[in-house]
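Here is a short briefing on a protein model, for reading beside the sequence and the coordinates. Keep both open as you go.

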Amino acid sequence: MMSSKEKKELSETDVCRLFITPAITTAGWDPMKQIRQEVTLTPGPIIVRGNVSSRNKKKKKFADYVLYWEPGVPVAVVEAKDNNHTVSHGIQQALGYAEILEVPSAFSSNGDAFASHNKVPATGEDIETEFALEAFPPPQDLWKRYKSFRGIEDQAEELVVQPYYEAASGGKEPRYYQVEAINRTVEAVASGQRRVLLVMATGTGKTYTTFQIIWRLWKAGKVKRILFLADRNILVDQTLVNDFKPFGSVMTKIKNRKIDPSYEIYLGLYQAITGPDEEDKIFRNVSREFFDMIVIDECHRGSAADDSAWREILDYFSGAVQVGLTATPKETEYVSNITYFGEPVYTYSLKQGIEDGFLAPYKVVRIDIDKDIHGWTPPPGMKDDLGQEIEQREYNQKDMDRILVLNQRTKLVANRVMQYLRATDPYSKTIIFCQDIDHAERMRVAIVNAAGQLALDNPKYVMRITGDSVEGKAELDNFIDPESKFPVIATTSELLTTGVDAKTCKLIVLDKTISSMTIFKQIIGRGTRIDEENNKWFFTIMDFKKATALFRDPDFDGEPVVIYEPGDDDDPVPPDPPPEEGDDDDDDDDGGGEGAIKIRVSNVPAIIIAERIEYIGPDGTLITESYKDFTRKQIQSEYASLDQFLYRWNGAKKKQAIIEELEEYGIVLENLAAEIGKEYGDFDLICHIAYGQPPLTRQERAYKVKKRDYFTKYGEQARAVLTALLDKYADEGVGTLESAKVLRLDPFKAMGTPVEIINNIFGGKDKFDNAIQELEQELFKEEKTA
């Protein structure tokens with residue numbers, strides 16, 4: 001029997017191994033299928049400052065235990081603490097994870113007993129209780145509680161526990177929100193719901209989620225024939241070869257205006273099965289009962305509007321289960337998909353995706369051009385490039401490239417885009433959204449001229465990818481392929497607004513008037529995917545048309561995380577002024593559509609009159625904040641005073657451990673050194689930025705130690721080693737000084753092997769470690785200044 005004192009000396013891991021896990025397994029939980037430990041729920045948001053990013057690991061969320069009724073069906077969370085905490089100390093943390101997973105049971109334990117929180121207590125039952133280790137509830141009890149919480153009837157149970165698809169090689173595991181979306185949809189169908197709406201931000205894996213929903217319902221025999229409808233050919237083709245691939249030979253793409261009855265999974269463009277004429281409506285060639293389930297991708301694009309082609313298909317197959325997928329649950333002017341499908345069974349927003357760290361944050365560069373902001377009125381009698389007299393009125397931002405074409409303005413935008421790319425990476429995948437196809441072509445020409453040698457080296461450096469361009473559309477696959485370097489820049493108007501999986505897109509340029517929140521969200525979604533393999537962690541939005549005013553709209557749920565990346569010619573960034581009246585970009589789109597006659601003028605100059613970078617503050621408001629300010633706040637949140645920091649620094653056996661702790665807050669001292677000075681070490685950077693102490697360079701600190709004759713107490717060989725280590729610090733920093741590999745480098749190799757140096761020169765590892773710690777104490781002797 002372990003004593004209370006011995007138990008308090010155990011680590012949390014030991015408490016789990018010796019007490020908590022045995023208690024759960026004794027209650028009947030299968031350790032292989034029903035218990036998962038250290039389950040990462042979210043990786044933590046990406047912090048971006050300068051041109052480098054890191055994850056804020058302090059905000060990473062992982063549960064000590066998640067308990068499952070069946071794989072993929074979580075029912076409870078258990079939070080463990082060591083025995084120096086009370087039994088219920090972890091219950092609030094467990095409740096946070098239970099909220100994420102939408103489960104009714106949360107537990108906490110310190111190895112003495114369990115604390116419990118039950119979200120669906122029976123009449124007269126307490127919500128929170130404590131009980132002995134041996135009284136942990138069995139799986140049947142928590143499954144019954146989960147069914148009550150989720151409203152699952154007994155007859156729906158078989159469908160709800162239908163297994164997920166798992167690839168033989170292991171494959172990817174669904175993220176927590178995908179599990180919730182899949183389970184909520186399957187539960188809704190199991191309970192008899194025929195119309196289901198699923199809201200998931202762009203880049204969160206809607207198609208993979210859809211695949212698992214269809215797979216489970218199909219395998220359970222609930223549905224036999226399924227139609228997956230989209231309105232972009234590339235969406236269908238991507239789905240066919242990627243997420244839906246496991247369906248294999250039972251799957252087909254509808255083409256040649258024929259629905260072949262010998263398949264079970266059908267993927268198709270709605271244009272391929274319907275049209276304006278009766279003979280185009282090939283869906284009528286099969287019976288109304290032919291499809292048991294219809295999934296409509298991007299259903300916000302008119303699927304529920306009474307006069308839409310989508311609605312005609314849905315009405316014909318009205319007996320089928322109908323699942324609508326969208327990144328945008330409602331439009332400012334109407335709430336069509338919610339009206340048709342009902343409230344979403346699950347919503348995962350862009351804001352939540354960024355907070356969790358599954359989606360890329362972004363900065364916004366807002367650029368004002370004089371003719372846009374002040375307007376332009378032609379002098380009386382002025383003629384355009386074709387010799388026609390220009391109507392005498394004021395032309396403003398909404399007229400640009402829609403009614404009025406100022407060629408100098410187009411060149412200005414192209415030059416600013418290339419200035420940014422040259423200052424960061426000229427091969428960053430970039431999408432420029434233009435007013436229409438004509439504007440997209442003129443922008444392509446302007447980019448070619450602004451790119452210069454880059455465009456000469458490869459004629460596909462920039463391509464117009466629009467619906468009317470066979471050559472451009474042929475390059476779409478190359479543009480979205482991470483392995484393909486070209487094209488780098490795509491100019492477009494509509495084609496790339498939705499669904500195209502451009503993972504590596506790092507720059508989105510808006511030179512298009514946007515009044516629709518739906519379209520705005522879809523455009524922003526082109527950049528929100530993280531691509532770790534290709535070092536894509538965040539993206540930039542360059543806005544010439546005040547489209548990002550929509551970020552301030554309460555209907556938009558993902559505030560920008562913005563960083564300043566100064567290029568060689570960039571000016572210091574002024575604070576962002578308050579939003580101006582009329583920033584709503586409301587536009588009734590009168591005139592100026594594709595094919596409209598435009599006024600073209602080449603000799604009117606245009607200049608940039610304002611440029612500002614916006615950051616999202618902790619309270620969600622837009623602020624300007626430098627990397628130094630960000631670092632200061634984060635360090636002071638951990639060490640409120642210089643004394644606290646010095647106490648921690650001097651008490652740490654390894655200074656590198658403190659540096660790694662700060663990295664968890666998103667502070668990368670290497671980035672700070674690039675701004676303050678690379679000659680300064682980590683200690684001085686921290687003390688200077690956070691507490692206003694005058695910094696010393698690493699060379700100055702090393703020189704001070706040498707001047708004190710500190711080494712005289714050591715023998716000649718030990719002095720030589722320590723002097724060389726001091727030089728290593730002066731050149732490379734404290735990380736090298738503490739590295740186990742440093743003794744394998746020059747000049748130490750000439751002094752002996754690492755073992756020989758440690759044992760023969762210093763008399764063993766303990767004495768060598770002490771010598772390093774004493775050397776660090778000498779290096780970081782600090783005289784505080786007020």
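The points below run from the overall make-up to single residues and bonds.

This is a predicted model. The protein has 29 helices and 25 strands. Of its 786 residues, 54% are buried. Among contacts with a separation of 6 or more, 72% join residues 24 or more positions apart.

**Nonpolar cores**

- The largest nonpolar core has 85 residues. Ile24, Phe114, Phe136 and Met293 have the most contacts inside it.
- Helix H6, residues 176–190, gives the most to this core. Its share is nine residues.
- Another core lies apart from that one and has 53 residues. Tyr680, Leu722, Val742 and Ile758 are among them.
- In soluble globular proteins, nonpolar side chains tend to be buried together.

**Thr185, a residue of H6**

- Thr185 has its place in helix H6.
- Is Thr185 buried or exposed? Its relative accessibility is 0%, so Thr185 counts as buried.
- Beyond its neighbours within four places in sequence, Thr185 is in contact with Val196, Leu198, Ile213, Val323 and Val345.

**Helix H19, a mostly covered helix**

- Helix H19 spans residues 517–524. Seven of its eight residues are buried, so the helix is mostly covered.
- The buried residues are Met517, Thr518, Phe520, Lys521, Gln522, Ile523 and Ile524.
- What do these buried residues pack against? One partner is a helix, H12 (350–356). The strands they meet are E16 (362–369), E18 (429–434), E21 (505–511) and E22 (539–543).

**Cysteines**

- How many disulfides does the structure hold? The structure holds zero.
- Cys434 is buried, with a relative accessible area of 0%.
- Cys505 is buried too, with a relative accessible area of 1%.
- Both values are under the 20% cut-off, which is why these two cysteines count as buried.

**Helix pair H14 and H15**

- H14 covers residues 407–423, and H15 covers residues 437–451. Their axes come within 8 Å and cross at roughly 50°.
- That angle makes H14 oblique to H15.
- The crossing of H14 past H15 is right-handed.
- On the H14 side, the residues that meet H15 are Asn407, Thr410, Lys411, Val413, Ala414, Asn415, Val417, Met418 and Arg422.
- On the H15 side, they meet Arg442, Met443, Ala446, Ile447, Ala450 and Ala451.
- An α-helix has 3.6 residues a turn, so residues three or four places apart point the same way.

**Phe780, after helix H29**

- Phe780 is found in the segment after helix H29 (765–779).
- Its relative accessibility is 3%, so Phe780 counts as buried.
- Leaving aside neighbours within four places in sequence, Phe780 is in contact with Trp649, Lys655, Phe683, Arg701, Tyr729 and Val734.
- Take Arg701 as one of these contacts. Phe780 and Arg701 are 79 residues apart along the chain, and their C-alpha atoms are separated by 7.7 Å.

**Cis peptide bonds and positive phi**

- Most residues other than glycine have a negative phi, and most peptide bonds are trans. The cases below depart from that pattern.
- The peptide bond from Phe486 to Pro487 is cis, with omega near -5°. Pro487 sits in the loop between helix H18 (476–480) and strand E20 (489–492).
- Asp746 and Pro747 are also joined by a cis peptide bond, with omega about 0°. Pro747 lies in the loop between helix H27 (734–737) and helix H28 (754–761).
- Glu102 is not a glycine, yet its phi is positive, at about 55°. Glu102 is found in the loop between helix H3 (91–101) and strand E6 (105–109). With a relative accessible area of 24%, Glu102 is partly exposed.
- Lys546 also has a positive phi, near 55°, in a residue other than glycine. Lys546 lies in the loop between E22 and strand E23 (599–601).
- Is Lys546 buried or exposed? Its relative accessible area is 9%, so Lys546 is buried.

Key: Residues are numbered from 1 along each chain as its sequence is written. This is a predicted model: local features need pLDDT of at least 70, side-chain atom pairs count only at pLDDT 80 or more; totals for chains, interfaces and linings use all residues. Side-chain values use heavy atoms; hydrogens and water are left out. A disulfide is a pair of cysteine sulfur atoms within 2.5 Å. Buried means under 20% relative accessible area, exposed over 50%, partly exposed in between (1.4 Å probe, protein chains only). A nonpolar core is a set of buried Ala, Val, Leu, Ile, Met, Phe, Trp, Tyr and Cys residues joined through side-chain atoms within 4.5 Å. Helices (H or I, at least four residues) and strands (E, at least two) are DSSP runs, numbered from the N terminus. Contact means heavy atoms within 4.5 Å. Axes are lines fitted to C-alpha atoms, for helices over the stretch in contact, and angles run from 0 to 180 degrees between N-to-C directions. Angles under 35 degrees count as roughly parallel, over 145 as roughly antiparallel, 65 to 115 as roughly perpendicular and the rest as oblique. A crossing is left-handed if the near helix is turned anticlockwise from the far one by less than a right angle, and right-handed if clockwise.
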